[in-house]
Structures are given as C-alpha cells and as structure tokens.
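The following exercises are to be worked through with the sequence and the structure at hand. Each task is followed by a solution in steps.

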Amino acid sequence: MTKPALDELDHRIIETFSRDARVSNRQVASELGVTEGTIRTRLRRLQSSRMIQFTVVTDYRMAGSPNLVMMGIKANPSHVQSVAKALADIPEIGSVVLMMGRYSLLATALITSVEAADRLIRGRVRKLEGVQDVEVSWSIATPKYDARLARITGPAE
C-alpha cells in the first residue's frame, strides 16, 4: 500500500492528537476550522495507511523503578541485520536502532537490577552471532522523559 502524501491539515491533525490523543474530533475540527467529518475521514485514512496509530504509553518510571540501559553494539557488517532481528526478538529489549558511526546498533532496555542486566547482556546479547562488542550505559537520572519520544518532528522554524 502506498503511503499518502501528508498535507498541512494532516500535519496539524497529527500535531493536535500528539499533544492529547483523548481530544474529541469535534474539538479538533473546531480548532482547525474544518468539519468533524473531515477530521474523522482524515484519521481513518491516516490509520489505515499506518501513518499514525493510537496507543497508551506508560511512563516507564511507574514500573517499579527500572533503569534505562543503553547498549551500543558493534557487529560484523555482514551480520547487522540478523543481529538487529535477534535483538528485536528479545522481550526485555524495548528498542533496536541501526546506526552509522561508533556502533552498528543501539538497543535499549528497562532493567531493575545489575544482575538482570548481566543476564541480558552477557547471557544473551554478547552471545549473538556477529556481535563483536557491547558498550553499556546505565541511566542514573532522568531530567527529562517524553513518552512521545517516537514523535517525528520537522526542521526547526
């Protein structure tokens, strides 16, 4: 399915719902100066084309006091895709990103203890075929946490 081109109204609708997905279609329509039917139709199109999705995001700090662990992973270039797939299949890992630069991949996980991190990293991640090195960074504080981390924004104006 081809992705539809997003016009200015689509971007404004997405921005409005990214601030508060609970807002009513009627309120968004009023704010943007269009009909409620227009908002409903646009949302349906954006969702069916997988351009947007609505989900509940829980602030990870509510899960008992986990720490965010980031793993910079150097992988053999011929194994990057298979390592990424294997990492994505590990339930404890929340995100996997292919990188250019110092690491081949960046993986993140929410971990509640050093022992759990050790089991994950030494017991699973380092053992993946093609993994050459794993550099681990353990968060010690979170001055800012935005649950909309995955939100895509345009260039600064």
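**Exercise 1: Salt bridges**

The structure, a predicted model, holds 13 salt bridges. Task: examine the salt bridge between Arg42 and Asp7, and state which parts of the chain the pair ties together.

Solution.
- Step 1. The contact joins the side chains of Arg42 and Asp7, with an N to O distance of 2.8 Å. This lies within the 4 Å cut-off for a salt bridge.
- Step 2. Arg42 belongs to helix α3 (residues 36-48), whereas Asp7 is in the segment before α1 (8-19), so the pair ties together parts that are 35 residues apart in sequence.
- Step 3. Arg42 has a relative accessible area of 19% and is therefore buried, since buried means under 20%. Asp7, at 34% relative accessibility, counts as partly exposed.

**Exercise 2: Two partners of one glutamate**

Task: for the salt bridges of Glu36 with Arg26 and with Arg40, determine where the partners lie in the chain.

Solution.
- Step 1. In the salt bridge of Arg26 with Glu36, the closest N and O atoms are 3.6 Å apart. This pair links distant parts of the chain, as Arg26 is in helix α2 (residues 25-32) and Glu36 is in helix α3, ten residues apart.
- Step 2. The side chains of Glu36 and Arg40 form a salt bridge at 3.7 Å, N to O. Both residues lie in helix α3, at a spacing of four residues, about one turn of the helix.
- Step 3. As to accessibility, Arg26 is exposed at 59%, Glu36 is partly exposed at 29%, and Arg40 is partly exposed at 39%.
- Step 4. Elsewhere, salt bridges that share partners unite Asp7, Asp10, Arg42 and Arg45 in one network.

**Exercise 3: The nonpolar cores**

Task: identify which elements give two or more residues to the largest nonpolar core, and which element gives the most.

Solution.
- Step 1. The largest nonpolar core has 22 residues; Met71, Ile73, Leu87, Ile93, Leu105, Leu120 and Val125 have the most contacts inside it.
- Step 2. Two or more residues of this core come from each of β1 (67-75), α4 (80-88), β3 (105-111), α5 (114-125) and β4. Of these, α5 gives the most, namely five residues.
- Step 3. Ile73 serves as an example: beyond its neighbours within four places in sequence, Ile73 is in contact with Leu87, Tyr103, Ser104, Leu105, Ala107, Val125, Val131, Asp133 and Val134.
- Step 4. Another core lies apart from the one described; this other core has eleven residues, including Val28, Ala29, Leu32 and Leu43.
- Step 5. As background, nonpolar side chains tend to be buried together in soluble globular proteins.

**Exercise 4: A surface patch and the whole chain**

Task: place Trp138 in its element, state whether Trp138 is buried or exposed or in between, and then describe the chain as a whole.

Solution.
- Step 1. Trp138 is located in strand β4 (residues 131-138). With a relative accessible area of 32%, Trp138 is partly exposed.
- Step 2. Together with Val114 and Ile140, Trp138 makes a nonpolar surface patch of about 350 Å².
- Step 3. The chain contains five helices and four strands, which follow the pattern α-α-α-β-α-β-β-α-β along the sequence.
- Step 4. The chain has 157 residues, of which 29% count as buried. The chain exposes about 10,900 Å², with carbon and sulfur atoms supplying 53% of that area.
- Step 5. Among contacts with a separation of 6 or more, 63% are between residues 24 or more positions apart.

Technical notes:
Residues are numbered from 1 along each chain as its sequence is written. This is a predicted model: local features need pLDDT of at least 70, side-chain atom pairs count only at pLDDT 80 or more; totals for chains, interfaces and linings use all residues. Side-chain values use heavy atoms; hydrogens and water are left out. Patches are made of residues with over 30% relative accessible area and no salt bridge: like charges are joined within 9 Å, nonpolar side chains (Val, Leu, Ile, Met, Phe, Trp, Tyr) within 5 Å. Accessible areas come from the Shrake-Rupley method with a 1.4 Å probe; for residues, only the protein chains shown count as cover. Buried means under 20% relative accessible area, exposed over 50%, partly exposed in between (1.4 Å probe, protein chains only). A nonpolar core is a set of buried Ala, Val, Leu, Ile, Met, Phe, Trp, Tyr and Cys residues joined through side-chain atoms within 4.5 Å. Contact means heavy atoms within 4.5 Å.
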